Amino acid sequence: MTLVSNHHFPRHSHDQFGVGVIAFGAQRSWSGVGSVSASAGDVIMVNPGEMHDGAPLNGSARGWRMIYLDPALVGNAVEDEFVSPVEIVRPVARDPLLARHFAVLFACLTAVQPDRLATEENLLRSLMCLLRRHGMARSSSTGRSPCVARALHRLDSAPDAGVSLAELAALSGVSRFQLLRGFAREVGITPHAYLVQRRVCVARRLLADGQTPAQAAIQAGFADQSHMTRAFVRQLGITPSRYRAAIA
């Protein structure tokens, strides 16, 4: 994915590993290790489910290229080299070698006629470079309290279904205030913001499968297409129609 934008992205997460390089401009983002900044040439990285945001520095547009990799694909690719599941520990790195590996892999993936062998080789080279230099063993514990874990499970299992804070609190066995405070502290955003994010993810999959924006909006749990469009633009910086056209 190539993107040029001065959009302020709210806190959100992805289901995949994300690796990219800032082409020009600069941005500041919130991450699990605090506020970080990235400028041209820097490698930016994010783990699946890791909350982060992004805003341009000085109000100017920044441009970047990004590759998103399914966790299962990453695990299968590096299982002979890494005993434990791994995660990226640095959201930003000044690493010219990794940036060069990324550029070659991006070119392979976006070629008009991709070469399968070259793509596989460069994927492995990039992953090994990334994980050896910036990875660590992942903890088997998610660190979630039981009440927050139950609320997350409910939101993840049926993001298209409506739910109230009182319902989530009752399911979790705590008060609404306790759930709201604990959820925001552990996840980084509120239950409502998390639910909207999950609905956007569902809508993206539906659009990729050929559904129209109106169909995707209803099936993802939005009140109507306009509600989905506002959430889409806030989360991704583009409209559902533009997203659908870009992946067609």
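Me: Where does Ala61 sit in this predicted model?

Reply: Ala61 is in the loop that links strand 7 to strand 8.

Me: Why is Ala61 called partly exposed?

Reply: Its relative accessibility is 33%. Buried would need a value under 20%, and exposed one over 50%. Because 33% falls in between, Ala61 counts as partly exposed.

Me: What does Ala61 touch, leaving aside residues up to four places away in sequence?

Reply: Val4, Ser5, Asn6, Phe24 and Gly25 are its contacts. Take Gly25: in sequence it is 36 residues from Ala61, yet the two C-alpha atoms are 6.4 Å apart in space.

Me: Asn58 is in that loop as well. What makes it count as exposed?

Reply: The relative accessible area of Asn58 is 80%. The cut-off for exposed is over 50%, so Asn58 passes it. Its phi is also worth a look: near 65°, a positive value in a residue other than glycine.

Me: Let's follow the chain to strand 1. How do you know which of its side chains are on which face?

Reply: They alternate along residues 2-5. Leu3 and Ser5 point to one face and are buried, whereas Thr2 and Val4 point to the other and are not. That fits a general pattern: in a regular strand, side chains alternate between the two faces of the sheet.

Me: What makes strand 1 and strand 8 a pair?

Reply: Two strands need at least two bridges to pair, and here there are 4, so strands 1 and 8 qualify. They run antiparallel, and Val4 has Gly63 of strand 8 as its bridge partner.

Me: Which sheet does this belong to, and why are some of its strands called edges?

Reply: It is an open sheet of 5 strands in the order 1-8-3-6-10, paired antiparallel. Strand 1 and strand 10 (92-93) each have a single partner strand, so one side of each has no neighbour in the sheet. Further in, strand 3 and strand 8 are joined by 7 bridges and run antiparallel, with Phe17 opposite Leu69 in strand 8.

Me: What about the sheet that holds strand 2?

Reply: That one is open too, with 4 strands in the order 2-7-4-5 and antiparallel pairing. Strand 2 and strand 5 (34-39) are at the edges with a single partner strand each, so each leaves one side without a neighbour in the sheet. On average, neighbouring strands here are turned by 20° against each other, direction ignored.

Me: How do you know that strand 2 and strand 7 (residues 52-56) pair?

Reply: They share 2 antiparallel bridges. Pairing asks for at least two, so the criterion is met. Across from Phe9 stands Gly54 in strand 7.

Me: How many aromatic pairs does a search of the whole structure find?

Reply: There are 4.

Me: Why is the pair of Phe9 and Trp64 given its geometric label?

Reply: The ring centres are 6.2 Å apart, inside the 6.5 Å limit for a pair, and the planes meet at 80°, above the 60 degrees needed for edge-to-face; therefore the label is edge-to-face. Phe9 comes from strand 2 (residues 9-12) and Trp64 from strand 8 (residues 62-69), so the pair ties together parts 55 residues apart in sequence. Both residues are buried.

Me: And what makes Phe183 and Tyr194 a pair?

Reply: Their centres are 5.9 Å apart, within 6.5 Å, and 75° between the planes is over 60, so this pair is edge-to-face as well. Phe183 is in helix 6 (residues 176-187) and Tyr194 in helix 7 (residues 191-208), so parts 11 residues apart in sequence are tied together. Phe183 and Tyr194 are both buried.

Me: Which residue lies over the face of Trp30?

Reply: Arg11 does, at 3.7 Å from the ring centre.

Me: Last one: what makes up the largest nonpolar core?

Reply: It has 24 residues, and Val43, Met45, Leu69, Leu130 and Leu131 have the most contacts inside it. Elements giving two or more residues include strand 3 (17-24), strand 6 (43-46) and helix 2 (96-109). Helix 3 gives the most, with 6 residues. Another core, of 16 residues, lies apart from it and includes Ala216, Ala217, Phe222 and Leu236.

Definitions and conventions: Residues are numbered from 1 along each chain as its sequence is written. This is a predicted model: local features need pLDDT of at least 70, side-chain atom pairs count only at pLDDT 80 or more; totals for chains, interfaces and linings use all residues. Side-chain values use heavy atoms; hydrogens and water are left out. Rings of Phe, Tyr and Trp (its six-membered ring) pair if their centres lie within 6.5 Å; planes under 30 degrees apart count as stacked, over 60 as edge-to-face and the rest as tilted. Buried means under 20% relative accessible area, exposed over 50%, partly exposed in between (1.4 Å probe, protein chains only). A charge sits over a ring if NZ of Lys or CZ of Arg is within 6 Å of the ring centre and within 35 degrees of the ring normal. Axes are lines fitted to C-alpha atoms, for helices over the stretch in contact, and angles run from 0 to 180 degrees between N-to-C directions. A nonpolar core is a set of buried Ala, Val, Leu, Ile, Met, Phe, Trp, Tyr and Cys residues joined through side-chain atoms within 4.5 Å. Contact means heavy atoms within 4.5 Å.
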